[in-house]
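Trainee: I have a structure open and I would like to take a close look at a single part of it. Could you walk me through one helix and its surroundings, step by step?

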Amino acid sequence: MAGPLSVGVNLEAFSQAIGAIQALRSSVSRVFDCLGDGLRNRETLEGREKAFIARFRDNLHSVHRDLHELERLSNLVCKPLENHPLHNSGLLSLDPAQDKTPLYSQLLQAYKWSSKLQCHAGLAAGLLNQQSLKRSANQMGAPAKRRPKAQPTMLLLPPQYVDDVISRIDRMFPEMSIQLSRPNGTSAMLLVTLGKVLKAIVVLRSLFIDRTIVKGYNENVYTEGGKLDIWSKSNYQVFRKVTDHATTALLHYQLPQMPHVVVRSFMTWLRSYIKLFQAPCQRCGKFLWDGLPPTWRDFRTLEAFHDTCRQ
């Protein structure tokens, strides 16, 4: 028990304080004994009163002296510790478990170490800020040469690979026909015809979908020069809505490491519009809302919703 008690405790003052407590108890006992004896054992009344007062005064002085000594020793029992902002962690030293008693002293050592580390780090930072660090061995004022950035390889897929991916997707969906053309060089443009419902123009940059325009099945998708019209919007509000949803789908299906998966997922989502005018809304159960069919298709379940019912 000597080991745990020695943590933050002055053992010599502790033993003296125990003796002071015993002396104080004896002094208090003598006071009550004096009060209990009263004025007995005296011949005259005046002599008994004087003797009682003198004895009572001496006993009170003894109590006051012993109490003052006990207060002095009680201040010496606990060793004065440095004032560290460790809050209630000092109560750990009062834990009777021997394996937890030294935790407070260990916390103090860790706090001192971290304070010194912070101080040294501040000094080091000040010294480093005073030095003029150079990033290269070039002379001051000479322009630094920048290395050319490496071009991303995922955007430079060969056209044969793109054609193979599109042909495989075309074979996956019998009700969807895909026509591939390259009017402007290596970038491909797809004309997707979905049954007799709609036509979609998909602009590819390598194998990344850059733009999508959805029009009605009977609408003209070519310009006067015979090229695919990628700028004109549909004349029908329902297909303009589908175009907006297709743009949102392009932002949802993003996987730069596997662009063929993105194209296949987008085509699967676009194929769900085969029943654009036949599928009811999955929330309200109606076929029309404000004169429009359910134009939204969920990206996961491909279920049909009105634009106002999907939220």
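**A close look at helix α5**

Mentor: Happy to! Let us begin with the whole chain: the protein chain exposes about 21700 Å², and carbon and sulfur atoms supply 55% of that area. Please keep in mind that this is a predicted model. The chain has 311 residues, of which 29% count as buried. Seven helices and six strands make up its list of elements, and along the sequence they follow the pattern α-α-α-α-α-β-β-β-β-α-α-β-β. Among contacts between residues at least 6 apart in sequence, 47% join residues at least 24 apart.

Now to our helix. Helix α5 covers residues 159-172, which is 14 residues. From its first C-alpha to its last it reaches 20 Å, close to the 20 Å expected at 1.5 Å a residue. Which residues of α5 are buried? They are Val162, Val165, Ile166 and Ile169. Seen down the axis of α5, the buried residues fall within an arc of 95 degrees, so they line one face of the helix. The spacing of those numbers fits a general rule: an α-helix has 3.6 residues a turn, so residues three or four places apart point the same way.

What does that buried face pack against? Its partners are three strands, β1 (176-181), β2 (189-194) and β3 (198-205), together with helix α7 (259-271). Turn to the other side of α5 and you will find Gln160 and Arg171, which are exposed.

Next, let us look at the charged residues of α5. Side chains of opposite charge can pair when their charged atoms come close. A search of the whole structure finds seven salt bridges, and we can visit some of them here.

Start with aspartate 163, which forms a salt bridge with arginine 182; their closest N and O atoms are 2.8 Å apart. Aspartate 163 belongs to helix α5 while arginine 182 lies in the loop between β1 and β2, so the pair ties together parts that are 19 residues apart in sequence. How accessible are the two partners? Aspartate 163 is partly exposed at 31% relative accessibility, and arginine 182 is partly exposed too, with a relative accessible area of 26%.

The next pair stays inside the helix. Aspartate 164 forms a salt bridge with arginine 168, and here the closest N and O atoms are 3.1 Å apart. These two residues are four apart in helix α5, so about one helical turn separates them. Aspartate 164 has a relative accessible area of 37% and is partly exposed; arginine 168, at 34%, also counts as partly exposed.

Just past the helix comes another pair. Glutamate 175 forms a salt bridge with arginine 271, with the closest N and O atoms 2.2 Å apart. Glutamate 175 lies in the loop between α5 and β1, and arginine 271 lies in helix α7, so the pair ties together parts that are 96 residues apart in sequence. Recall that α7 is also one of the elements that the buried residues of α5 pack against. Glutamate 175 counts as partly exposed at 26% relative accessibility, as does arginine 271 at 32%.

From here we can follow the neighbouring strands a little further. After β3, one of the packing partners of α5, serine 206 sits in the loop between β3 and β4 (208-216). Its phi is near 65 degrees, a positive value in a residue other than glycine. Serine 206 counts as buried, with 12% relative accessibility. Aspartate 290 makes a useful contrast: its phi is near 60 degrees, again positive in a residue other than glycine, but at 71% relative accessibility aspartate 290 counts as exposed. You can find aspartate 290 in the loop between α7 and β5 (296-297).

For a last stop, look away from α5 to helix α2 (residues 11-37), where phenylalanine 32 lies. Phenylalanine 32 is exposed, with a relative accessible area of 56%. Together with Val28 and Leu35 it forms a nonpolar patch on the surface, with about 280 Å² of accessible area in total.

To come back to your helix, try turning the model in two steps. First find the face with Val162, Val165, Ile166 and Ile169, which are buried; then turn to the other side for Gln160 and Arg171, which are exposed.

Notes. Residues numbered from 1 in each chain as written. Predicted model: local features only at pLDDT ≥ 70, side-chain atom pairs only at ≥ 80, totals over all residues. Heavy atoms only, no water. Expected span 1.5 Å × (residues − 1). Buried < 20%, exposed > 50% of the residue type's maximum accessible area, 1.4 Å probe, protein only. Arc of directions from axis to C-beta. Contact = heavy atoms within 4.5 Å. Patch = residues over 30% accessible without salt bridge, like charges linked within 9 Å, V, L, I, M, F, W, Y side chains within 5 Å. Areas by Shrake-Rupley, 256 points an atom, 1.4 Å probe, with all protein chains shown as cover. Salt bridge = Lys/Arg side-chain N within 4 Å of Asp/Glu carboxyl O.
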